[in-house]
Amino acid sequence: GGGLTPWAVIAGYGTRDQVGANAYLTEVVLSDFRLRSAGLALGWHDRIELSLSRQRFDTQDVGSTLGLGQGFAISQDTVGVKWRLLGDAVLDQDTWVPQISVGLQHKRNHEGDLLAAIGAARDSDTEVYLSATKLLLAHSLLINGTLRMTRANQFGILGFGGDLRDSHSLQVETSVAYLLNRELAVGAEYRSKPDNLGIANEDDAWDVFVAWAPNKTISVTVAYVDLGNIVIADHQHGLYASLQFGF
């Protein structure tokens with residue numbers, strides 16, 4: 001998809017007796033910020049997924065305005081585990097039951113002092129989510145829905161919890177993709193986010209994307225993404241590009 005929300009599928013192309021893996025590099029260029037993310041995911045027997053990623057959020061000119069310095073960067077690490085509970089998004093075409101997975105993501109931000117200064121309650125936290133993914137091959141359509149318990153501010157880039165609220169809340173994430181052919185898909189995503197910090201309102205995020213997979217090893221996704229307000233900068237939108245390798 002466009003990268004805003006996880007799907008219920010397990011990383012890699014491994015079957016129930018195999019191991020698969022994916023690696024990715026993502027760049028998001030917004031109006032006033034820049035985000036780079038890289039990660040690895042390992043799929044075991046199409047049942048369990050283990051993942052590790054790092055994000056680097058470049059504040060560019062906004063860093064100077066806030067007194068942090070030009071190009072000040074915030075880094076965050078995420079360790080994840082996902083378990084497929086039931087269903088198979090691809091093979092179960094004779095039933096409406098989707099593939100359903102539950103996941104945990106533990107996020108650790110490296111800028112604890114800065115986060116405390118803007119009102120964030122903590123620099124690390126654990127989220128839990130439940131995803132359901134259904135591929136309707138007869139209609140060339142993929143539908144995904146995710147429910148997430150979180151208190152992350154801007155996905156954790158601005159810490160977790162805040163002066164307005166410091167408790168997990170249920171957020172909704174959805175995505176839909178239409179398969180134009182075996183290699184090309186177009187789609188859109190939406191992700192709601194909590195509003196915990198008094199320093200600035202936090203808007204929900206959405207994107208529209210095009211994904212191209214010329215073979216089973218490599219895929220490329222390009223998207224237009226809108227993240228709304230981020231601290232003192234409104235209307236943060238721009239381009240998203242992601243390169244992924246898998247087996």
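Which residue in β7 stands opposite L135? I began my notebook with this small puzzle, and the residue I found there is L142.

**Entry 1: the ground rules.** I kept in mind that I was looking at a predicted model.

**Entry 2: the strands around that pair.** I looked up β6 and found that it covers residues 124–136. Its partner β7 covers residues 141–150. The two run antiparallel, and I noted 9 bridges joining them.

**Entry 3: the whole barrel.** I then followed the strands onward and came to a closed barrel of 12 strands. The order was friendly to a newcomer, as it runs β1-β2-β3-β4-β5-β6-β7-β8-β9-β10-β11-β12. The pairing is antiparallel. From one strand to the next, the twist averages 20°. I jotted down a reminder that strands of a sheet pair through backbone hydrogen bonds, either parallel or antiparallel.

**Entry 4: reading along the chain.** Next I listed the secondary structure, which comes to 2 helices and 12 strands. Along the sequence I read the pattern β-β-β-α-β-β-α-β-β-β-β-β-β-β. I also looked up the radius of gyration, which is 18 Å, close to the 18 Å that the globule rule gives for 247 residues, so the protein is as compact as a globular protein of that length.

**Entry 5: extent and surface.** I looked up the span of the C-alpha trace along its principal axes and wrote down about 55 × 30 × 25 Å. The accessible surface comes to about 12100 Å², and 60% of it belongs to carbon and sulfur atoms. Of the 247 residues, 46% are buried. I looked at contacts too: among those between residues at least 6 apart in sequence, 57% join residues at least 24 apart.

**Entry 6: a stop at D58.** I picked one residue to get to know, and found D58 in strand β3, which covers residues 48–58. Is D58 buried or exposed? Its relative accessibility is 16%, and buried means under 20%, so D58 counts as buried.

**Entry 7: the company D58 keeps.** Leaving aside neighbours within four places in sequence, I found D58 in contact with F33, R34, G71, F72 and A73. I checked F72 further: D58 and F72 are 14 residues apart in sequence, yet 5.9 Å apart in space, C-alpha to C-alpha. What does the side chain of D58 reach at 2.9 Å? I traced it to the backbone nitrogen of Q60.

Terms used: Residues are numbered from 1 along each chain as its sequence is written. This is a predicted model: local features need pLDDT of at least 70, side-chain atom pairs count only at pLDDT 80 or more; totals for chains, interfaces and linings use all residues. Side-chain values use heavy atoms; hydrogens and water are left out. Two strands pair if DSSP finds at least two bridges between them. Helices (H or I, at least four residues) and strands (E, at least two) are DSSP runs, numbered from the N terminus. Axes are lines fitted to C-alpha atoms, for helices over the stretch in contact, and angles run from 0 to 180 degrees between N-to-C directions. The radius of gyration is taken over C-alpha atoms; the globule rule is 2.2 Å times the number of residues to the power 0.38. Buried means under 20% relative accessible area, exposed over 50%, partly exposed in between (1.4 Å probe, protein chains only). Contact means heavy atoms within 4.5 Å. Accessible areas come from the Shrake-Rupley method with a 1.4 Å probe; for residues, only the protein chains shown count as cover. A polar contact is a pair of N or O atoms within 3.5 Å; within protein, one must be able to donate a hydrogen and the other to accept it, and residues adjacent in sequence count only if both atoms are side-chain atoms.
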